[in-house]
Amino acid sequence: MADIDNLIAIYAVIVIAIAAIALISIIAVPIGYEETQLYPKNINTSSALNPYDRGGEPFGKTDVIAQYPQNSPYLGYVTAYLTPLSALMAASNLYLGTTIVSHPGGIIDEILYNTRGLDTIVETSILFTAFAIASFLFRREDE
Amino acid sequence: MFELPTSSIGGEELFVLPFGDIVNYFTPYTGALFLFALIFTLICIFSKPEKQLDVAFGTDAIYAKDVTGKDLHFRRFMAIACGVATMGAVTSGDVFNFTLFVSMVGICIIGIVASVKNKHVLNAAFNYGIISMLATVPLFGGAAITLAATGTLSIWELSAIAPAMPGIAKALILVGVMGEGIAPFYAAKAELFRAPGAPYVIMIHVSSLLMFLRVVEIMLTV
Amino acid sequence: MMDEYAIGLIVALIAIIITFVAAFREKNDIHRLIIADLAEVSALAVIALIATDLAEALIIPGLVVGISELMALSEIYLVREHLTHPVKNPFRIEVLDTAPAIIAVILVVYGIVLCGFTGGAVAGTGMVFYFMGKRPAERFALVETVSGYAWALWIVAFFIFMVVPEYWFFAVMLAGGAILAKVTAKMSLIGTMRGEKDV
């Protein structure tokens, strides 16, 4: 345990032990899946926005099952919004759903930027920090 | 203001900071942790780093290992980021958000020592970095199991229906924080401490200690 | 009777155990790095089992954490092993030296039209194309600055959502622009961060 090179092995053993206990306990007493989830997924295969169709009028209220809807007075506006380009694509074919994550607007943006915006802040900060480390080391070697 | 399912959460609540679904809270306990992290971050911002001295054997010579220039800026930045991440982690009111802050603390700890040129320190940083990468698996796994089994991630909701979080999720999150905070793995910690520059290196210990105190609070609340 | 979620969780836990057994047995540092990155995939599987929109939104931070740690650690590895100078001659595709820059411009413009994540990837490909072909000198600092601004834009968008939610449209556009700039910056790093001395 005093050797650095064994650290990863020790940590791996601990995690394996916990995971094995978890595995046995799940087989013995299965964890039930809670049916009332936040932001449930519903699939309407005839919609052009297929996996992400959550209904709603653009620039209007949409029902989104958030944890604290009172905290986000404009909840649902982002969900229903389509950029002009994506609205055009949605009107002309059935496959916009495969690329909708790449356009501003939609349910994922609603969660990522609005209701759970702090997660995204932390996520980008992590990326920023890692990027700072990598670029600092890289540029120092250049000098 | 909006309705929260419980008025007291691990002690009397002093201040609530809502960010959409993520509602951060300050109780006497988390507030104290927050203040501690804040004070330490301020120390990192304003104080000058220590000067480590090495005596060369058999002579009168002394080598001063000074932290200067770009190196100083970089390490100060990393220490401040680590402090901010710690402040976020101790006040977070959401399980997944907490795990994200914990991973940010992990990566900042690597950053604090990454600019050191000592090979042993770098070796320790690398090994520790691998552990912190592996630790994200139990962390996110535990949070995901919590969400699936209870339908919520908010600590407010979880504490209202406590004990709601499955035991295995608690164990996974705990082992994840262990990995990010290098707590029982003293071998790497001693090596990391070889790096010169006192307030920044000590930030490693402060942040991992505060994360432990916080995770215990979460485990007891939910 | 077990429901589908429990079965899925059992499979995912078995996958986690397998990856950690691999991490336990592996002694080579570079392989350990790769295994650690692979292990994160099993964490994503556990998140994906929730199967809601929220799960999808949680996968993105999970993925990013893995990528950023991999980036920082591989750079530390390179410094530790003194591998900062390329061992072989840099990879060189002759046709790129003469390729017209207009292709890169088209890709970048199209990426901006697409916007968001995919747009960033397309625009980034354009930038990679440009950097590989033209070998410009000091672009690295510029790319860093761009990603810093993207980060700041993101923070601004977040506070607009939290403080003045009635300007939600502006915030979405800001965040969409920020992710475009961020992904573009990250992609163009591939073009510059190849350890070339005499670019």
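Helix packing around chain C

Trainee: In this predicted model, at what angle do helix 4 of chain B and helix 3 of chain C pack?
Mentor: Helix 4 of chain B packs on helix 3 (residues 53-80) of chain C with the two axes 10 Å apart. The angle of that packing is about 165 degrees.

Trainee: Is helix 4 of chain B roughly parallel or roughly antiparallel to helix 3 of chain C?
Mentor: The packing angle is about 165 degrees. Angles over 145 count as roughly antiparallel. Helix 4 of chain B is therefore, relative to helix 3 of chain C, roughly antiparallel.

Trainee: Is the crossing of helix 4 of chain B with helix 3 of chain C left-handed or right-handed?
Mentor: Helix 4 of chain B brings residues including B:Phe126, B:Ile130 and B:Phe140 to the contact. Helix 3 of chain C meets them with residues including C:Val65, C:Leu73 and C:Tyr77. The crossing of these two helices is left-handed.

Trainee: How many nonpolar residues are in the contact of helix 4 of chain B with helix 3 of chain C?
Mentor: B:Lys119 is among the residues on the chain B side, and C:Glu69 and C:Arg80 are among those on the chain C side. By class, this contact has 3 charged and 6 polar residues. Its nonpolar residues number 11.

Trainee: Is B:Leu147 buried or exposed?
Mentor: B:Leu147 belongs to helix 4 (residues 119-150) of chain B, and its contacts beyond four places in sequence are B:Leu153 and C:Ile50. A residue needs 20 or more C-beta neighbours within 10 Å to count as buried. Because B:Leu147 has 24 of them inside 10 Å, the class is buried.

Trainee: What distance separates the C-alpha atoms of B:Leu147 and B:Met165?
Mentor: Along the chain, B:Leu147 and B:Met165 are 18 residues apart. Their C-alpha atoms are separated by 8.7 Å.

Trainee: Why is helix 4 of chain A called oblique to helix 3 of chain C?
Mentor: The axes of helix 4 of chain A and helix 3 of chain C come within 9 Å and cross at roughly 55 degrees. Roughly parallel requires an angle under 35 degrees, and roughly perpendicular runs from 65 to 115. The crossing angle therefore makes helix 4 of chain A, relative to helix 3 of chain C, oblique.

Trainee: How many charged residues are in the contact of helix 4 of chain A with helix 3 of chain C?
Mentor: Helix 4 of chain A passes helix 3 of chain C in a right-handed crossing. A:Ile107, A:Ile108, A:Ile111 and A:Leu112 meet C:Asp53, C:Leu54, C:Glu56, C:Ala57 and C:Ile60. The contact has 7 nonpolar residues and no polar ones, and its charged residues number 2.

Trainee: Which helix gives the largest share of the side of chain A that touches chain C?
Mentor: The contact takes 60 residues from chain A and 59 residues from chain C. Helix 1, helix 2, helix 4 and helix 5 of chain A each supply at least two residues of the chain A side. The largest share, 18 residues, comes from helix 5 of chain A.

Trainee: Where in chain C is confidence lowest among the helices, and where is it highest?
Mentor: Chain C has 8 helices and 0 strands, and its pLDDT averages 77. Confidence is lowest, at a mean of 66, in helix 4 (residues 94-98) of chain C. It is highest, at 90, in helix 1 (residues 4-25) of chain C.

Technical notes: Residues are numbered from 1 along each chain as its sequence is written. Chains are lettered from A and ligands numbered from 1 in the order in which they are written. This is a predicted model: local features need pLDDT of at least 70, side-chain atom pairs count only at pLDDT 80 or more; totals for chains, interfaces and linings use all residues. Two residues are in contact if their C-beta atoms, placed from the backbone, lie within 7 Å. Helices (H or I, at least four residues) and strands (E, at least two) are DSSP runs, numbered from the N terminus. A residue is buried if 20 or more other C-beta atoms lie within 10 Å of its own, exposed if 12 or fewer, and partly exposed in between; C-beta atoms are placed from the backbone. Axes are lines fitted to C-alpha atoms, for helices over the stretch in contact, and angles run from 0 to 180 degrees between N-to-C directions. A crossing is left-handed if the near helix is turned anticlockwise from the far one by less than a right angle, and right-handed if clockwise. Ala, Val, Leu, Ile, Met, Phe, Trp, Tyr, Cys and Pro count as nonpolar, Asp, Glu, Lys and Arg as charged, and the others, Gly among them, as polar. pLDDT is the predictor's confidence in each residue, from 0 to 100.
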